[in-house]
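Got the structure open in your viewer? Let's take a walk through it, one selection at a time.

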Amino acid sequence: MEKIVIEGGARLIGDVTISGSKNSALPVLAATILCQGPNSFHNVPKLRDVATIQRVLENLGVQVTRETDGSVRVDSSGLSGNEAPYDLVKTMRASVLVLGPLLARRGKAIVSLPGGCAIGARPVNLHLRGLEILGARIELKHGYIYAKADRLKGGHIYLDVPTVTGTENLMMAATLARGTTVIENAAQEPEVAELGTVLKKMGAKISGEGTSLLQIEGVETLHGVEHSIMPDRIEVGTFMVAAGLTQGNLRLFNCSLSSLEAVVNKLREAGLEVYPDGEVVRVIGNNRVRSVDVKTLPYPGFPTDMQAQIMVLMCLTRGLSVISETVFENRFIHVSELRRMGADIKIESNSAIVTGVRQLSGAQVMATDLRASASLVLAGLAANGRTEISRVYHLDRGYENLEGKLSRIGARIRRVG
Ligand code: EPU
């Protein structure tokens, strides 16, 4: 099995080009089920999760081709199936994003029920309840969601929690429903807003995207579009932390900070220097990182997808930091691996109390989920000696060529096995 091996301690200096956003590309690709005519998307990251949604779409008769110029062409004119099978959904929960579009376009969807995952139970009850409000008949049997509707109708949905993929599923379903749908307490993440923008380009009538109140007036048909996927804000944040941990000096290209304020504020408070200049951001780390407290929240709060990475930075301060996770109930699995590298972290209910140590030491560790894996890579970059990370397929789900990008800026990192 492949491993990533890092010899820690190198200062990272140079330029990194940020890839397109995974969590934006996945719903945008799923949305092609809704439209007639070909789509062309630019800046689609080459990731395992993108390959998985491609397989889910191909299994439904949608044609997905990566062109020589890097763009991805998606043509759903051959859409013929209704099913997202267990074998695909079990490798990526976000496959459930085809549920809303399939139901709206085909009147029928059979989607394997995603199970729990390493970071929490992650139910989809709010997706299902919302679809029922839009007139779907839903049954759960044999581990599958069976959903049917002759034509969805507009409805008023209040989400108990602002679920990201739930909002996306419901927004997509509502675009082809008869009448008006209102979604209250909608997720405001920039990726949800971008999906709204793409759906509008396809001909959907949506207002309020990027806010907690969405209004969608159903239309009869949607058409294909051309669109460039936004930069991955979590990849930006991950490289910023890498600069902070190695007293690095990086220029991040194809980058925007507009959706990363909570992270940038915390990193500046911790002592990093961050200088945006158009689509380029310079980030400089220095040798006195200050401890800061962090609480993860839905957007615009501090993203849970950056919690593990900032925790590594906090491991190397001279003080004490409290990191509270409020989005997922079990997202501290990286802690026991970081402890094996010498970190001093205590867990008290949903908070991690991190006491800074002088140095982390390289060790053999195991990746458990995507962001946990990223945190182990970061810890390895800062640690003394050699770190070996196994189960790196988690990283490939969401970071495009991470070791290539890191080695180009001076990291001693390689993949073996
Ligand atoms: N929740 C429910 N019922 C539902 C849906 C969600 O109780 O029907 C709860 C969840 O259990 C969780 C909270 O609501 O406690 C928020 O979960 P959400 O549904 O927003 O998460 P998600 O849509 O499954 C997306 C991202 C995650 C990211 C979260 C939170 C995608 C494809 N995934 O997941 O990304 O952590 O939002 O921002 O957009 C990652 O990229 O590493 C990743 C895990």
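Start by selecting Arg397: at 22% relative accessibility it counts as partly exposed, since the buried class stops at under 20%. Keep in mind throughout that this is a predicted model.

**Stop 1: Arg397 and its partner**

Now add Asp49 to the selection. The side chains of Arg397 and Asp49 meet in a salt bridge, 2.8 Å from N to O. Asp49 sits in helix H2 and Arg397 in helix H13 (residues 393-398), so this pair ties together parts that are 348 residues apart in sequence. Is Asp49 buried or exposed? With a relative accessibility of 2%, Asp49 counts as buried.

Stay on Asp49 and bring in Lys22. These two also form a salt bridge, and here the closest N and O atoms are 3.8 Å apart. Asp49 belongs to helix H2 (residues 48-59) and Lys22 to helix H1, so the bridge links parts that lie 27 residues apart in sequence. Lys22 is buried too, at 9% relative accessible area.

**Stop 2: other salt bridges**

How many salt bridges does a search of the whole structure find? It turns up 19. For another one, select Lys90 and Asp87, whose side chains meet at 3.6 Å, N to O. Lys90 counts as exposed, with 52% relative accessibility. Then pick Glu2, Asp396, Glu403 and Arg415 together: salt bridges with shared partners join these four into one network.

**Stop 3: along helix H1**

Go back to Lys22 and colour the rest of its helix. H1 is mostly covered, with nine of its ten residues buried. Besides Lys22, the buried set includes Ser24, Ala25, Leu26, Pro27 and Val28; Leu29, Ala30 and Ala31 are also in it. At the start of the helix, show Ser21 as sticks: one of its side-chain oxygens reaches to within 3.4 Å of the backbone nitrogen of Asn23.

**Stop 4: the ligand**

Next, select the ligand and show the residues around it. There are 20 of them, and the closest are Asn125, Thr163, Thr165, Asp305 and Val327. What is the mix by class? The shell has nine nonpolar, six polar and five charged residues.

Three side chains are worth showing as sticks here:

- Thr165: a polar side-chain atom lies 2.6 Å from an oxygen atom of the ligand.
- Asn125: an N or O atom in its side chain is 2.7 Å from a nitrogen atom of the ligand.
- Arg122: an N or O atom in its side chain is 2.9 Å from an oxygen atom of the ligand.

Turn on a surface to see the cover: the protein hides 86% of the 830 Å² of accessible area that the ligand has on its own. Which elements give two or more residues to the shell? They are helix H1 (22-31), helix H5 (125-133), helix H6 (164-175) and helix H12 (370-382). H5 gives the most, with three residues. H1, from the previous stop, is on that list as well.

**Stop 5: a hairpin**

Select residues 63-66 and 72-75. These are strands E5 and E6, and they pair in the antiparallel sense over four bridges. Click on Arg66 to find its bridge partner in E6, which is Val72. The two strands form a hairpin with five residues between them. In the turn, look at Gly70, which has a positive phi of about 95°.

**Stop 6: backbone oddities in loops**

Which peptide bond here is cis? Zoom in on the one from Tyr299 to Pro300, with omega near 10°. Pro300 lies in the loop between strand E20 (294-295) and helix H10 (307-315).

Now jump to Asn254. Its phi is positive, about 55°, although Asn254 is not a glycine. You'll find Asn254 in the loop between strand E17 (249-253) and helix H9 (261-269), and it is partly exposed, at 23% relative accessible area.

Last, select Arg391. Although not a glycine, Arg391 has a positive phi of about 60°. Its place is the loop between strand E25 (386-390) and H13, the helix that holds Arg397, where the tour began. Arg391 is partly exposed, with a relative accessible area of 34%.

Technical notes: Residues are numbered from 1 along each chain as its sequence is written. This is a predicted model: local features need pLDDT of at least 70, side-chain atom pairs count only at pLDDT 80 or more; totals for chains, interfaces and linings use all residues. Side-chain values use heavy atoms; hydrogens and water are left out. A residue is near a molecule or strand if one of its heavy atoms lies within 4 Å of it. A polar contact is a pair of N or O atoms within 3.5 Å; within protein, one must be able to donate a hydrogen and the other to accept it, and residues adjacent in sequence count only if both atoms are side-chain atoms. Accessible areas come from the Shrake-Rupley method with a 1.4 Å probe; for residues, only the protein chains shown count as cover. Ala, Val, Leu, Ile, Met, Phe, Trp, Tyr, Cys and Pro count as nonpolar, Asp, Glu, Lys and Arg as charged, and the others, Gly among them, as polar. Buried means under 20% relative accessible area, exposed over 50%, partly exposed in between (1.4 Å probe, protein chains only). Two strands pair if DSSP finds at least two bridges between them.
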